[in-house]
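Please examine the sequence and the three-dimensional model together before reading on. The explanation below is best followed with both in view.

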Amino acid sequence: QVQLVESGGGLVQAGGSLRLSCVASGSIFRINDMGWYRQAPGKQRELVAEITRGGTTNYADSAKGRFGVSRDNAGNTMYLQMNSLEVEDTAVYYCRAAILDSRTYTGANYWGQGTQVTVSS
């Protein structure tokens, strides 16, 4: 069984910062690429940022220059540092990880349960 748990969400004023964490646990042989996604009310889930096992990153245009994604491979953890937050960043933030299961050696994408980020004006 593989589990992803996000933390670090909350209420912050516009211009403030938050740092999200995503920890993977369970029958993990290897974690390949990981990503942060968000879903605002009435909107589709969208990519925010993603990072390969080697550290190559990719950002949505809305996140470039404000957000930074990083990971700790030894700790099976991914982070999202969010600065200069805007009201439009309000959403539930989800982490995703492409994980090779140590029991079956099969790969699949796993998702966390989400953490709410609310930015007030």
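The paragraphs that follow treat the sheet, the disulfide, the nonpolar core and a few loop residues in turn.

The model is a predicted one. A convenient place to begin is an open sheet of four strands, whose order is E1-E3-E8-E7 and whose pairing is antiparallel. E1 and E7 form the edges of this sheet, each pairing on one side only. From one strand to the next, the twist averages 15°. Strands of a sheet pair through backbone hydrogen bonds, in either a parallel or an antiparallel manner. Between E3 and E8, the antiparallel pairing extends over six bridges. Val23 can serve as a landmark here, since its bridge partner in E8 is Thr77.

Strand E3 also leads to the disulfide. A disulfide is a covalent bond between the sulfur atoms of two cysteines. The structure contains one such link, and it joins Cys22 to Cys95 with an S to S distance of 2.1 Å. What does this bond tie together? Cys22 belongs to strand E3 (residues 18–26) and Cys95 to strand E9 (residues 91–101), so the bond connects parts that lie 73 residues apart in sequence. The link of Cys22 and Cys95 is right-handed, with 55° about the S-S bond. Both cysteines are buried: this holds for Cys22 and for Cys95.

From these buried cysteines, attention may pass to the nonpolar interior. In soluble globular proteins, nonpolar side chains tend to be buried together. Here the largest nonpolar core comprises 30 residues, and those with the most contacts inside it are Trp36, Leu80, Met82 and Tyr93. Which elements give two or more residues to this core? They are strand E1 (2–7), E3, strand E4 (28–39), strand E5 (46–51), strand E7 (67–72), strand E8 (77–82), E9 and strand E11 (115–120). The most is given by E9, which provides five residues. Met82 illustrates the surroundings of one core residue: leaving aside its neighbours within four places in sequence, Met82 is in contact with Gly16, Ser17, Leu18, Leu20, Arg66, Phe67, Tyr93 and Val117. Tyr93 thus appears both among the contacts of Met82 and among the residues with the most contacts inside the core.

The loops add further detail, beginning with backbone geometry. Most residues other than glycine have a negative phi. Ser84, although not a glycine, has a positive phi of about 50°. Ser84 is located in the loop between E8 and E9, and with a relative accessible area of 42% it is partly exposed. Tyr105 is another residue other than glycine with a positive phi, near 55°. Tyr105 is placed in the loop between E9 and strand E10 (107–111), and its relative accessible area of 52% makes it exposed.

A final loop residue is Ser27, which lies between E3 and E4. Is Ser27 buried or exposed? Its relative accessibility is 10%, so Ser27 counts as buried, the cut-off for that class being under 20%. The side chain of Ser27 makes a polar contact of 3.2 Å with the side chain of Arg103. Not counting residues up to four places away in sequence, Ser27 touches Gln1, Val2, Leu100, Asp101, Ser102 and Arg103. Arg103 is therefore a residue to inspect alongside Ser27 when viewing the loop between E3 and E4, where Ser27 is buried and lies in that loop.

Terms used. Residues numbered from 1 in each chain as written. Predicted model: local features only at pLDDT ≥ 70, side-chain atom pairs only at ≥ 80, totals over all residues. Heavy atoms only, no water. Disulfide = S-S within 2.5 Å. Buried < 20%, exposed > 50% of the residue type's maximum accessible area, 1.4 Å probe, protein only. Core = buried A, V, L, I, M, F, W, Y, C linked by side-chain atoms within 4.5 Å. Contact = heavy atoms within 4.5 Å. Pairing = 2+ DSSP bridges. Axes fitted to C-alpha atoms, helices over the stretch in contact; angles between N-to-C directions. Polar contact = N/O pair within 3.5 Å; in protein donor to acceptor, adjacent residues only side chain to side chain.
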